[in-house]
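Here is a short tour of one protein model, written for reading alongside the sequence and the 3D view. Please keep both open as you go.

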Amino acid sequence: MTSLLTNTAAMTALTTLKSISQNLDTTSNRVSTGQRVASAADNAAYWSIATTVRTDNASLGAVKDALGLGSSAVDTAYNGVNNIITSLQNIRTKLQTALQPGVDRSKVQSEIAAIQNQMKAIADSSVSSGQNWLSVDSADTTSYSATKSVIAGFSRGTNGNISFSTVDISVSTIRLYDKNTGGTPATTAKTTGSAALAATMDFSGSNLATFSLNVNGSGADTITLNATSLASAAGNIAAVTRQELVNAINNQIAATTNSKNKVLASLDSSNRLVFETAGAPATSTGTGATISVTMAANPTVSLGYGSGATPAAVTAAGTAAGASAGGGILDTGGANAVTSIKTFNTATGVATDDATIGNYINVIEAAIAKVTDAGTKLGASKTQIDGQKNFVDTLMKSNDRTIGTLVDADIEEESTKLKALQTQQQLAVQALSIANSSSQNVLSLFR
């Protein structure tokens, strides 16, 4: 009986020691990693949420970097514009000097020419991350874009879809010099639906809308919107939102043969569906881009592009390429047949009369107003980018706190628990030792 009791005591002590050792391992791991949920096995739900938030934070980090680069590009362009405004003011002063009797206009022109060269050098050197928004070549369709977009935001919808927001800078309205003196690019084609899309659209069952796109005469592509094609873009097929519809259309366009990378769907300010070509087929000669949208017969969901048995095609064409001068503010001809600020000369030809110099002054005044407007636009974009950068930084810190709430361990609590478990482990080892020695003492009685 005594032997049985001592064996039972030993087994109890051993079981207790194993339990304490397991708890000690868990607590030690939490203290060393700082996390109470380090893997899905610890808490699958919390681990899943924390992993998603970490992924989003990584994307937000990339957005923050993009905003930093965008802010640098805007700063560079703004500094260039600001310096050129000062140069234009100096030219205006020189022109006013040239109107005074007895002034040697050839010497005045030498000073103006130096300022003209300085302005061109400022614009040419206003480069950030390989981008120059002040001195461009609009004929180079591979590198020039009339609008530069800076990634400004990242969001994950309730259905898991990811979307990005941008800050758009219109380079075409702030460019000062344009190498494309041989002609202006053809513009894009744009169509707009006649009616606004419903806030939500029902594509459940057999409901659908089908239409064809034909861009630049390259051939028609069919876009079908139904429960199947919208499954990956919409959270609820019976209540598809406008933006979900646009995302689904663009996804299908990206998979077409003829329209891929040539057209983009969007919404206008009245929530009408818009299709616009992504580029023109010609840059210096020929016609502008063309686009045609034709609904299939009797759509059950309205897209604002016609209905009935034989809906008419909606077509549009961009402006044909022209042969006008460069599109920059400082290399475009001014009023009253005055040549551009880049090239005018106060010392030769008709520029020797006071009336022409007076016209030059008016052109300079107009240019100062336009360049000032360009600076205002850049300043507004800079404010927007900096504000968004601060918001993204705050959002990332908030996400870090969310992750910490879900998975981080309370180090003070776990450290205290670790000490207690270490003490319990020592006591359990002593108890096991006592139980084992008691058994040996009982056995010695039978020797």
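In which sense do strand 14 and strand 15 pair, and over how many bridges? Strand 14, which covers residues 290-295, pairs with strand 15 in the antiparallel sense, and four bridges connect them. Please keep in mind that this is a predicted model.

## The four-stranded sheet

That pair belongs to an open sheet of four strands, arranged in the order 10-9-14-15 with antiparallel pairing. Strand 10 (220-225) and strand 15 (314-317) are the edge strands; each has a single partner strand, so one side of each is left without a neighbour in the sheet. From one strand to the next, the twist averages 15 degrees.

If you would like a spot to look at, find Thr290: its bridge partner in strand 15 is Ala317.

## The three-stranded sheet

Another open sheet has three strands in the order 7-13-12, and here too the pairing is antiparallel. Strand 7 (190-196) and strand 12 (263-267) lie at the edges, each pairing on one side only. The twist in this sheet averages 15 degrees from one strand to the next.

Strand 7 and strand 13 (residues 272-277) run antiparallel and are joined by four bridges. Within strand 13, Glu276 is the bridge partner of Lys190.

## Helix 4 and its contacts

Where does helix 4 pack on the three-stranded sheet? Helix 4 touches strand 12 and strand 13, and its direction makes about 180 degrees with that of strand 12.

Helix 4, made of residues 242-254, also lies across strand 9 (209-215) and strand 10. Relative to strand 10, helix 4 runs at about 140 degrees.

## A pair of helices

Now turn to helix 2 (residues 44-98) and helix 5 (residues 354-407), whose axes come within 7 Å and cross at roughly 160 degrees. Because of that angle, helix 2 is roughly antiparallel to helix 5. The crossing of helix 2 and helix 5 is left-handed.

## Aromatic rings and a charge

How many aromatic pairs does a search of the whole structure find? The search finds two. Phe211, Phe275 and Tyr305 are linked by ring pairs into a cluster.

One more ring is worth a look, that of Tyr177: the charged end of Lys120 sits over this ring, 5.4 Å from its centre.

Terms used:
Residues numbered from 1 in each chain as written. Predicted model: local features only at pLDDT ≥ 70, side-chain atom pairs only at ≥ 80, totals over all residues. Heavy atoms only, no water. Phe/Tyr/Trp six-rings, centres within 6.5 Å; stacked < 30°, edge-to-face > 60°. Lys NZ or Arg CZ within 6 Å of the ring centre and 35° of its normal. Pairing = 2+ DSSP bridges. Helix = DSSP H or I, 4+ residues; strand = E, 2+ residues; numbered from the N terminus. Axes fitted to C-alpha atoms, helices over the stretch in contact; angles between N-to-C directions. Contact = heavy atoms within 4.5 Å. Parallel < 35°, antiparallel > 145°, perpendicular 65-115°, else oblique. Left-handed = near helix turned anticlockwise from the far one by under 90°.
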